[in-house]
Amino acid sequence: QVQLAESGGGLVQAGGSLRLSCAASGRTVSNYAMGWFRQAPGKEREFLAAFSWWGPTITDSVKGRFTISRDNAKNTVTLQMNALKPEDTAVYYCAAKYGASSLARSEYEYWGQGTQVTVSS
């Protein structure tokens, strides 16, 4: 079993930055893809980015503003979010799956509880 815990959410003004971190515990996740999704009220949970053994994957809609990094020694993955917009307001979730990254929510086996990000205009 893998437990995931997100941190770093909060309230920020448009144009600001936030750094989300996800810490994995329970087992070593070096062979797991660790990713970030978000879900805004009334919307589907959407893929943002993931980092696997093969490197990072970032969805086009946030590319250039969001970056993902990973520290296997610490079992952590970080999402750096810059130039935030009100439409980035959502609950952000960390997720993990064995092997390669995937954009499909259904392929991720483990999920964190989520952290709220609110961007004010």
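This passage describes a four-stranded sheet and a residue just before its strand S1. The structure is a predicted model, in which local features need pLDDT of at least 70 and side-chain atom pairs count only at pLDDT 80 or more, while totals for chains, interfaces and linings use all residues. Residues are numbered from 1 along each chain as its sequence is written, and side-chain values use heavy atoms, with hydrogens and water left out.

Four strands (DSSP E runs of at least two residues, numbered from the N terminus) make up an open antiparallel sheet in the order S1-S3-S8-S7. S1 and S7 (66-71) are its edge strands, each pairing on one side only; pairing requires at least two DSSP bridges between two strands.

At one edge, S1 is joined to the antiparallel strand S3 (residues 18-25) by five bridges, and Gln3 has Ser25 of S3 as its bridge partner. Val2 lies in the segment before S1 (3-7). This residue is buried, with a relative accessible area of 6%, where buried means under 20% relative accessible area (1.4 Å probe, protein chains only). Beyond its neighbours within four places in sequence, Val2 is in contact (heavy atoms within 4.5 Å) with Ala24, Ser25, Arg27, Val29, Tyr32 and Tyr110.

At the other edge, six bridges link S7 to the antiparallel strand S8 (residues 76-81), with Arg70 opposite Val77 of S8. Four residues separate the strands in this hairpin, and Asn75 adopts a positive phi near 55 degrees. Side chains alternate along S7: Phe66, Ile68 and Arg70 point to one face and are buried, whereas Thr67, Ser69 and Asp71 point to the other and are not.

Note on methods. Buried < 20%, exposed > 50% of the residue type's maximum accessible area, 1.4 Å probe, protein only.
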